[in-house]
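Reader: Hi! I'm new to reading structures and would love a close look at one single part. Could you walk me through the place where the ligand is held?

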Amino acid sequence: MLSYQHIYHAGNLADVQKHALLCVMLAYMGKKSKPFSYLETHSGRGLYHLDAPEAVKTGEAAAGIGVAEAWFDADHPFRRALDEVKNRYGATAYGGSPLLAAACLRAGDRMHLAELHPQENAALNESMFGVKNGVISKVYKQDGFAMAQAVCPPEPRRGLMLIDPSYEIKKDYKTLPDFIAKIHRKWNVGVIALWYPVLTDGSHEDMVKALKAKDFPKTLCHEVRFPPAREGHRMVGSGMFIANAPYGLDTECHRLDGFFNSLR
Ligand code: SAM
């Protein structure tokens, strides 16, 4: 039984790292005129309103995108995507990864979005309905790992997959390196991006070691640290492990380090 709901955490500092890198990667991929595919295994509901009681209660968005937004120039791909979501849904709207990705995609690009939780899935369907002319999106109410196995290699073959589990199921830490290796074997040109939390008890560390030990091409592992959302909260940072990382992404990682270092 899944209980995680991203509305409590949408727009937090982990989202800032994940969504900024995601938008930069998609903007880079959009420089070539040929269409590409976007796959997401754990999509969430797509659209969040940061004045919702759940978001206000944790204060994570206020300490996250509330602080970070002004740090991104108006022409930064993340800022452009955030603005597109606000223009469409109002000033308190915050795009989850599916909506931010849609903002970065072009007519002819394709999206495959999995979300297992029934309510989150229904909300995702609503968020994605007619979201952007010409972007073809399909929402799956199924396990995201199974969806990815079934769809890969996608058509168009060029593309990016975001894997953003809530890690409610602890075995995900163990199974993810082999899962990514399996996907990479089926889809060797795909950019595969995994988000993970940096935890005080180090539960993520063996997974990161296992990922680094695999023979993936052009890997990038970017970790940032930030103050915990509440005293005693286990998450003190976040990471992105990327295989087939687009050219120049390390420059964006350095820029993001500047923002996260300013919080210390
Ligand atoms: N990627 C989203 C974003 O950045 O806006 C946030 C996703 S949230 C961290 C993780 C989501 O995965 C939750 O909505 C949860 O219901 C969903 N989920 C959990 N296990 C899943 C599975 N096996 N397959 C698909 N979705 C799953």
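Where does the ligand sit?

Author: Happy to help! This is a predicted model, in which local features need pLDDT of at least 70 and side-chain atom pairs count only at pLDDT 80 or more, while totals for chains, interfaces and linings use all residues. Residues are numbered from 1 along each chain as its sequence is written, and side-chain values use heavy atoms, with hydrogens and water left out.

The ligand sits in the largest pocket. A pocket here is an open set of points on a 1 Å grid over the protein atoms alone, where a 1.4 Å probe fits, with protein on both sides within 12 Å along at least five of seven lines; a molecule sits in it if more than half of its atoms lie within 2 Å of its grid points.

Around the ligand are 19 residues, each with a heavy atom within 4 Å of it. The closest are His19, Glu40, Glu115, Asp143 and Asp164. By class, this shell has 3 nonpolar, 11 polar and 5 charged residues, where Asp, Glu, Lys and Arg count as charged, Ala, Val, Leu, Ile, Met, Phe, Trp, Tyr, Cys and Pro as nonpolar, and the others, Gly among them, as polar.

Now look at the ligand's nitrogen atoms. A side-chain N or O atom of Asp143 is 2.7 Å from a ligand nitrogen, and a polar side-chain atom of Glu40 lies 2.8 Å from a ligand nitrogen. Leu116 takes part through its backbone, with an N or O atom 3.2 Å from a nitrogen of the ligand. Taken alone, the ligand exposes 600 Å², and the protein buries 96% of that, with areas from the Shrake-Rupley method and a 1.4 Å probe.

How values were computed
Polar contact = N/O pair within 3.5 Å; in protein donor to acceptor, adjacent residues only side chain to side chain. 1 Å grid on protein atoms, 1.4 Å probe; cavity = no way out; pocket = protein on both sides within 12 Å on 5 of 7 lines; lining within 4 Å.
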